[in-house]
Amino acid sequence: MAYKFVHTSTNRKTGYMPVSYSPRQTCPDTCPLKNGKCYGESFPIVFHWNRYSKDKTNNYNTFINDIKTYRKYNKDNLWRHNVVGDLVINKQGKIDSKKLNQLVKANNKGSVICYTHHHTIKNKQGKNKLSRYNINRIKEAIDKGFMINLSGDTIKEAKQLYNKTKLPTTTVLEVSKNEFKKYSNKAKKEYSKELLKDNIVICPEQSHNIKCLDCKLCSNSKRTKIIGFLNH
C-alpha cells in the first residue's frame, strides 16, 4: 500500500493547497462510513484511492521526505493530511507512534488539517471504546505542533469526546448540505444558534463558502468549539 503527497490540489473545498492520501488499510472498523457512505467512495477520489491502496510499494519514508521537502520551502503554509485514509495503526488498532512521530517531525510545526477516527477501538466484545493509548498519541502530536481533529459521528458522540479529552473535535450533522441550502436565511441563523447550545459551529466552507485555505479553523488547536459538517 502506498501513500501520496500531492503538492497542489484542485479540491473545491480545500482550495489550492497540498493534500495527502493514505491507503484504505489505515481506516478503522470503528468508522461507520467505512466501505460505504464515505465521500472517498465517490468519483474521482475513489479511482486514486483504490490505486494507492492496491499498490504494494511501501513508500512511507518517501512520503515523509516529500513532506520534509515541502516544509523546507513552505515554513507554515497550510496543507491537508488524509483527504482519505487515516493515521497508521498496528494490527491491534494502536496508532503507530514511530510513523506518527516521523510525520510530526517532517511537518516541523507547520499548519496542517488532519482528522482521525482512531480515538476509538473495538474491545473484545466488538464494541467501540475510547482508546486512552491512541488519545495520548494524538495529544502528543498536537502538543508538538501537528494538528489532529477527533472525528465524531453524531453530536452526542462529539460532545462526549470533547468533554473526555478536551481535544479539537468535529462531528457529522443530521442536516444535509442540500437541505441547508434550501433553508431561508432566518432558518439558517436559527439552526446555527441551536447548534451553539451544544458548542457546535457549522463548517464555514459549508455555511459561508469560505475555502479551508482561508478559514483554517480545523487547523486551530486552541479552539474550544466543535466543528459540525453538514451531511453529504
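1. In this predicted model, the second largest pocket is lined by Phe180, Asn185, Lys188, Lys189, Ser192, Leu196, Ile200, Val201, Ile202, Ser207 and His208. Two or more residues of that lining come from each of α7 (185-196), β10 (200-202) and α8, and of the elements that contribute, α7 gives the most, with five residues.

2. The space in this second largest pocket comes to about 210 Å³, and its lining, when sorted by class, holds five nonpolar, four polar and two charged residues.

3. Turning to the largest pocket, a reader will find about 1,400 Å³ of space there. Its lining is made up of 50 residues, and those closest to the centre of the pocket are Cys38, Tyr39, Arg80, Val83 and His232.

4. Which elements each supply at least two residues of the lining of the largest pocket? They are the strands and helices β2 (19-21), α1 (45-54), β3 (79-84), β5 (115-116), β8 (149-152), β9 (169-176), α8 (204-208) and β11 (226-231). The biggest share from an element belongs to β3, which gives four residues to this lining.

5. By class, the lining of the largest pocket divides into 20 nonpolar, 19 polar and eleven charged residues.

6. One element deserves a second look when the two pockets are viewed together: α8 supplies at least two residues of the lining of the largest pocket, and α8 also gives two or more residues to the lining of the second largest pocket, where Ser207 and His208 are among the lining residues.

Conventions
Residues numbered from 1 in each chain as written. Predicted model: local features only at pLDDT ≥ 70, side-chain atom pairs only at ≥ 80, totals over all residues. Heavy atoms only, no water. 1 Å grid on protein atoms, 1.4 Å probe; cavity = no way out; pocket = protein on both sides within 12 Å on 5 of 7 lines; lining within 4 Å. Points joined across faces, edges and corners; volume = space filled by probe spheres on them. Nonpolar A, V, L, I, M, F, W, Y, C, P; charged D, E, K, R; others polar.
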